[in-house]
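The following exercises train the reading of a protein model. Please attempt each task with the structure in view before turning to its solution.

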Amino acid sequence: MTTTADTTTTVTRRLGGTPALRRGAWLAFALFWSAFAVVECVRHGWPATVLALAFLVLPDLTFLVALDEAPRMAKGQLPPRAVPYYNAMHRALVPLTLAAAYAALPLHWPSAFAALCGWLAHISYDRVFGYGLRTKEGFQRG
């Protein structure tokens, strides 16, 4: 029992301290990406705005993959068939990698960058409100 408590404490310290501290960091991240998305939308007009708003909502639409299974799931459980799609859309590394590629490659499509900002804002707000990745059974990871 002591080993588990010590391991949990060590993991918590390694991952950034208290949950309140992590949520605060995610909130700062969310506000940054929201502001960046707004700036991109103002600078580049309606195409950027449409894509930023679409990617602000899109990650949560992955539950539609297994909508027919939803009535049979426990409260708060995502159907296991939808979990890989949900987790892929809720990993910050995916849009961050795409944003880095956008910055490094000779691409110029500001609407795509606005979409990435909206996507990162979505992921960040989810973490602020306590929603994260799912287990393969569809429950929130601890």
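**Exercise 1: A bent helix and its cover**

Task. Determine what covers the buried residues of H2, and describe the course of this helix.

Solution.

Step 1. The cover of the buried residues of H2 includes helix H4 (93-104) and helix H5 (110-128). The model examined here is a predicted one.

Step 2. The buried residues in H2 are Ala30, Trp33, Ser34, Ala37, Glu40, Cys41, Ala48 and Ala52.

Step 3. Helix H2 spans residues 19-57, which is 39 residues. A straight helix would reach 57 Å at 1.5 Å a residue, yet the end C-alpha atoms of H2 are only 25 Å apart.

Step 4. A bend of about 145° is found in H2 at Gly45. A proline, Pro47, follows within four residues.

**Exercise 2: The overall fold**

Task. State how many helices and strands the protein has, and what share of its residues counts as buried.

Solution.

Step 1. The protein has 5 helices and 0 strands. Along the sequence, this gives the pattern α-α-α-α-α.

Step 2. Of the 142 residues, 33% count as buried.

Step 3. Consider next the contacts in the protein with a separation of 6 or more: 69% of them are between residues 24 or more positions apart.

Step 4. The accessible surface comes to about 9,000 Å², and 71% of this area belongs to carbon and sulfur atoms.

**Exercise 3: Two residues of helix H5**

Task. Decide whether Ser111 is buried or exposed, and do likewise for Val128. Then identify what each residue touches.

Solution.

Step 1. Ser111 lies in helix H5. Its relative accessible area is 8%, so Ser111 is buried, the limit being under 20%.

Step 2. Not counting residues up to four places away in sequence, Ser111 touches Pro47, Ala48 and Leu51. Among these, Ala48 is itself a buried residue of H2.

Step 3. Val128 also has its place in helix H5. With 14% relative accessibility, Val128 counts as buried.

Step 4. With residues up to four places away in sequence again left out, Val128 touches Arg23, Trp26 and Leu27. The C-alpha atoms of Val128 and Gly24 are 7.3 Å apart in space, although 104 residues separate the two in sequence.

**Exercise 4: Aromatic residues in loops**

Task. Locate Trp109 and Phe63, and classify each as buried, partly exposed or exposed.

Solution.

Step 1. Trp109 lies in the loop between H4 and H5. Its relative accessible area of 53% makes Trp109 exposed, because the limit for that class is over 50%.

Step 2. Neighbours within four places in sequence aside, Trp109 is in contact with Leu51 and Tyr102. The C-alpha atoms of Trp109 and Ala48 are separated by 9.2 Å, the two residues being 61 residues apart along the chain.

Step 3. Phe63 lies in the loop between H2 and helix H3 (83-89). Phe63 is partly exposed, with a relative accessible area of 35%.

Step 4. Phe63 belongs to a nonpolar surface patch of about 660 Å². The patch is made by Phe63 together with Leu53, Leu56, Val57, Leu58, Leu61, Leu64 and Leu67.

**Exercise 5: Charged pairs**

Task. State how many salt bridges a search of the whole structure finds, and describe the pairs.

Solution.

Step 1. Side chains of opposite charge can pair when their charged atoms come close. The search finds 3 salt bridges.

Step 2. Glu40 and Arg43 form a salt bridge, with 3.8 Å from N to O. Both residues lie in helix H2, 3 residues apart, which is about one turn of the helix. Glu40 counts as buried at 7% relative accessibility, whereas Arg43 is exposed at 59%.

Step 3. Arg81 forms a salt bridge with Asp68, and their closest N and O atoms are 2.7 Å apart. Asp68 and Arg81 are 13 residues apart, both in the loop between H2 and H3.

Step 4. Glu69 forms a salt bridge with Arg81 as well, the closest N and O atoms being 2.8 Å apart. Glu69 and Arg81 lie in the loop between H2 and H3, so the pair ties together parts that are 12 residues apart in sequence.

Step 5. Asp68, Glu69 and Arg81 are thus linked in a network of salt bridges. Within this network, Glu69 counts as buried at 17% relative accessibility, Arg81 is partly exposed at 39%, and Asp68 counts as exposed at 52%.

Conventions
Residues numbered from 1 in each chain as written. Predicted model: local features only at pLDDT ≥ 70, side-chain atom pairs only at ≥ 80, totals over all residues. Heavy atoms only, no water. Helix = DSSP H or I, 4+ residues; strand = E, 2+ residues; numbered from the N terminus. Buried < 20%, exposed > 50% of the residue type's maximum accessible area, 1.4 Å probe, protein only. Contact = heavy atoms within 4.5 Å. Areas by Shrake-Rupley, 256 points an atom, 1.4 Å probe, with all protein chains shown as cover. Expected span 1.5 Å × (residues − 1). Bend = angle between axes of the 7 residues up to and from the residue. Patch = residues over 30% accessible without salt bridge, like charges linked within 9 Å, V, L, I, M, F, W, Y side chains within 5 Å. Salt bridge = Lys/Arg side-chain N within 4 Å of Asp/Glu carboxyl O.
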